Amino acid sequence: MKGVDRTMEKTTKAVKNKANEKKTNVNASENKISEDKIIGKIIGISELNVKILLFENNVKINDILVYREGDEVRKFEVVQIDNNIASTVPFDRVIGLKKGGSVELQEGGLKIQYSDEILGKVFNPYGGLIDHSTIKKVQERNVYSRKLSFKEININNEPLWTGIKALDFFAPLQKGFKMGLLGGAGVGKTVLIKEIINNVYKRLKSNAVFIGIGERSREGKELIDEMEESKLLDKMSMVFGQMGENPCSRSKSVYSGLTLAEYLRDEKDQDVLVFIDNIYRFIQAKSEISTEMKRVPIENGYPTTMVSDITDVEERINSTENGSITSFQAIYIPADDITDEAVQAVTTHLDGQVVLDRKVAEKGLYPAINVFKTNSKSVDPEIVGEKHYELVQETLRYLARYEELEEIIAVLGIDELSEEDKMIFFRSRKLRNYFTQPMFVSENYTGIKGVMVDIKDTLIDVEAIINGEYDDVDESKLLFRGSLHE
C-alpha cells in the first residue's frame, strides 16, 4: 500500500509540474494575470453574484476586480465583504467564467472620462464609448470620488429662466434645483427636454448631461438621433445603462453621468442641466442586486439601503459658488401609486415637479403641462416676488373655475352663465392658449419660428389678460406665439 501511495504521489507531482509549465506558457502567450498581482480566486458563480476568496485585506466596497482569459477581460464590482469572501456583481455576462480563476485589483476603481472630450460623446455606465467615437487623451476620474462638503454648497441660488412661458411661470427653476418630470409616451417630453437644453445653452452657454437608466435600446438610439438632428448632441454628453443589460450596468449609469456633470460644474464653472430617465429604474436595479445578495428587503421588496442610495445620488446634485447642477428626473410610478415607498423616497428630495398630461396634448396645446399638478418651491413671494406669486394664484383660480364651467356649459349651455362667469370662461381660454409656445427644436415640423420669452414679459401679458385688455382679441390669436405686448 505504501508503494502505491508513493506512486500516486509521484504521479500527482508530475501532473502539477506539467500544469505549472503549461500555465507559464499560457502566461507568456496570453493575457493572464501575473502571480504578483493575484489578490483572489473565484469560488462561486451565479448570474448576478460572483464570489471571490480574497488573499489580501486591501479590497474595499466598490473596488473593481478583474479576471483575464486570453483576450477576454471580465470585471466585477465588490458590493459586500464577509471575512475574506467578497460578493461581487459582474459588469456583464458570466458565461465562460470558471471557478478557481485568478483575479486582480483594478487601480482607481470605476472611472469615466473627465475632460472637455466628454461633449458630443455617448458612454456606457462603465466609461466606455458606445457611439463609435474615440477619446484622444484619456483623463479619467473615479465615479464615486466627488462629495460636496457643507462649505462648498451654495444655497443662495439664482433663478434659472428657460424662456418657456409655462415652465417659468408655473414652475420656475433655481440653480441646483431637482425637478420631477412626469409624463408618458407621446406627450412631448423629449421635445420639452430638447427645448430646455437649447434655450439654456443659448442663454448661458452651459452644457447638459442626459442619463438613461433602464432605457430601451430603440428609445435611446432615437434620442441620440434626434439630438444630432437638432444640432444639440455636441452641446451635451450622454450615458446609457440599457434595459437589456444587467442591474450593475443600470445602477452605475447615474454615478457616471453625475461625474460628467461635475466636470462641467467644477472645472468649467457652468450651470449644468442633468436629465435622468428614469430614476425609479435605479432603485429597481439596486433591488435586484440586494435580492441576489440574500439581504432581507423592506416593504414591496425594496432594499434596506434604498434611502441612503437615493440620498448619495441626490446630494451630488447641488450648487457651488462657481457653478450648479440642475436636474430633471423622470419618475415611473408603479401601479399609479404615488405613496409607493420608492417614489416617496425620491420626491422628498425634489424641489418641484413638471407634469405633462395626455389630455392637454390631445387638445393640441404644447407644451402639454398640467398646471394643477405642476409646482415649484420657487413659487414663493420671497423668491419670485409678490407680483409673480399673486399672478400664479389668480391664474390657477381662473383655470380651476374654467374646468367647472366647462361641465356646466356641456349640460346647460353658455347662455345660462352669469356675466362674471362668462368673463372668467373666455379669459381662461385666452390664458390656456397663451401658455402654448412655438419651439426652436420643432421648427422643421411646425413651420413656426421658435421663441424665448422673458419672464418679465410673461408677467405683463398674464396680468393684461386677467385685467381684460385682450377681451376683444380672438382667443386663436394667442396660440403659439411669444410675448403679446410686443
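Let me start with a detail, the hairpin that β4 and β5 form with two residues between them, where asparagine 83 in the turn has a positive phi of about 55°; strands here are DSSP runs of E of at least two residues, and helices are runs of H or I of at least four, numbered from the N terminus. Please keep in mind that this is a predicted model, in which local features need pLDDT of at least 70 and side-chain atom pairs count only at pLDDT 80 or more, while totals for chains, interfaces and linings use all residues. Residues are numbered from 1 along each chain as its sequence is written, and side-chain values use heavy atoms, with hydrogens and water left out.

Staying with the hairpin, β4 (residues 72–82) pairs with β5 in the antiparallel sense over six bridges, where pairing requires that DSSP finds at least two bridges between two strands. Within that pairing, valine 78 has threonine 88 in β5 as its bridge partner. Strand β2 (residues 50–54) also pairs with β5 in the antiparallel sense, over four bridges, and there isoleucine 52 is matched with alanine 86. Of the six residues of β5 (85–90), five are buried, buried being under 20% relative accessible area, with a 1.4 Å probe and protein chains only.

Now to the open sheet of eight strands, whose order is β8-β14-β13-β15-β16-β12-β17-β18, with mixed pairing. β8 (122–123) and β18 (375–376) stand at the edges with a single partner strand each, so one side of each is left without a neighbour in the sheet. β8 pairs with β14 (residues 236–242) in the parallel sense over two bridges, and phenylalanine 123 has valine 239 of β14 as its bridge partner. Helix α4 (residues 217–229) packs on this sheet, touching β8, β13 (208–215) and β14, and its direction makes about 170° with that of β14; contact means heavy atoms within 4.5 Å, and such angles, from 0 to 180 degrees, lie between N-to-C directions of axes fitted to C-alpha atoms, for helices over the stretch in contact. Helix α6 (residues 279–292) packs on the sheet too, touching β13, β15 (271–277) and β16 (324–330), at about 50° to the direction of β13.

What, then, is the setting of β13, buried or exposed? Eight of its eight residues are buried, and β13 pairs with β14 in the parallel sense over seven bridges, with isoleucine 211 opposite valine 239.

To close with the whole protein, there are 14 helices and 18 strands, and 51% of the 486 residues count as buried.

Definitions and conventions: Buried < 20%, exposed > 50% of the residue type's maximum accessible area, 1.4 Å probe, protein only.
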